[in-house]
Amino acid sequence: MPHLRIGALAARTGTNAPTIRYYEGIGLLRPADRQAGGQRAYGEQDVKRLTFIRRCREFGFSIEQVRSLVALVQDRERSCMDARNVAHEHLLAVRAKLNELKVLERSIAGFIATCDASCAGGPGPDCTILEDLARPS
């Protein structure tokens, strides 16, 4: 099995060395084998695992959700429905966040519309956006 150094692993998986060390430290990635001189050595299974972790994080899964998904990959006794449930839970959280962002978008658009209607370049202290932001919600 080829031994990759941490820089090569980072390049192959689209991560960086501090992230790899972090994932090792929190137990998402197995501790690396060590070569003479203490250098970390990784193999193809590490490439696969780290790619999996990176992709999970790209989809916004939390570290704990990634930990759960990694455990599923390793446990033939568990159902793939467990992965579906983790993904569904995450989807519900993403949808809730989207709703929050839509409310935020409408609020900011309202600030801008008020400014366009009444401000048009007056002095900063008289800005309607700044006044609106200073009001309690």
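Here is a short conversation about the predicted model shown above.

Visitor: What should I know about the numbering and the model before we start?
Guide: Residues are numbered from 1 along each chain as its sequence is written. This is a predicted model, where local features need pLDDT of at least 70, side-chain atom pairs count only at pLDDT 80 or more, and totals for chains, interfaces and linings use all residues, while side-chain values use heavy atoms and leave out hydrogens and water.

Visitor: Which pattern do the helices and strands follow along the sequence?
Guide: Helices (H or I, at least four residues) and strands (E, at least two) are DSSP runs, numbered from the N terminus. The protein has six helices and two strands. Read along the sequence, the pattern is α-α-β-β-α-α-α-α.

Visitor: Is the protein a compact globule or more spread out, and what is its radius of gyration?
Guide: The radius is taken over C-alpha atoms, and the globule rule is 2.2 Å times the number of residues to the power 0.38. The C-alpha atoms fill a box of roughly 70 × 40 × 20 Å along the principal axes. For 137 residues the rule gives 14 Å, and the protein is well over that, so it is more spread out than a compact globule, with a radius of gyration of 24 Å.

Visitor: How much of the protein is buried?
Guide: Buried means under 20% relative accessible area, exposed over 50%, and partly exposed in between (1.4 Å probe, protein chains only). Of the 137 residues, the buried share is 27%.

Visitor: Within what arc do the buried residues of H2 fall?
Guide: Helix H2 covers residues 17-25, and its buried residues are Ala17, Ile20, Tyr23 and Glu24. The arc is that of the directions from the helix axis to the C-beta atoms. Seen down the axis, the buried residues line one face of H2, because they fall within an arc of 125°.

Visitor: Which exposed residues sit on the face of H2 turned away from its buried side?
Guide: The buried residues of H2 pack against helix H1 (6-13), strand E2 (40-41), helix H3 (44-58) and helix H4 (63-74). The face turned away from them carries the exposed residues Pro18 and Gly25.

Visitor: Which residues does Gln65 touch?
Guide: Gln65 lies in helix H4 and is buried, with a relative accessible area of 11%. Contact means heavy atoms within 4.5 Å. Not counting residues up to four places away in sequence, Gln65 touches Gly60, Val86, Glu89 and His90.

Visitor: What separates the C-alpha atoms of Arg54 and Thr15?
Guide: Arg54 is in helix H3. Leaving aside neighbours within four places in sequence, Arg54 is in contact with Thr13, Gly14 and Thr15. Arg54 and Thr15 are 39 residues apart along the chain, and their C-alpha atoms are separated by 7.3 Å.
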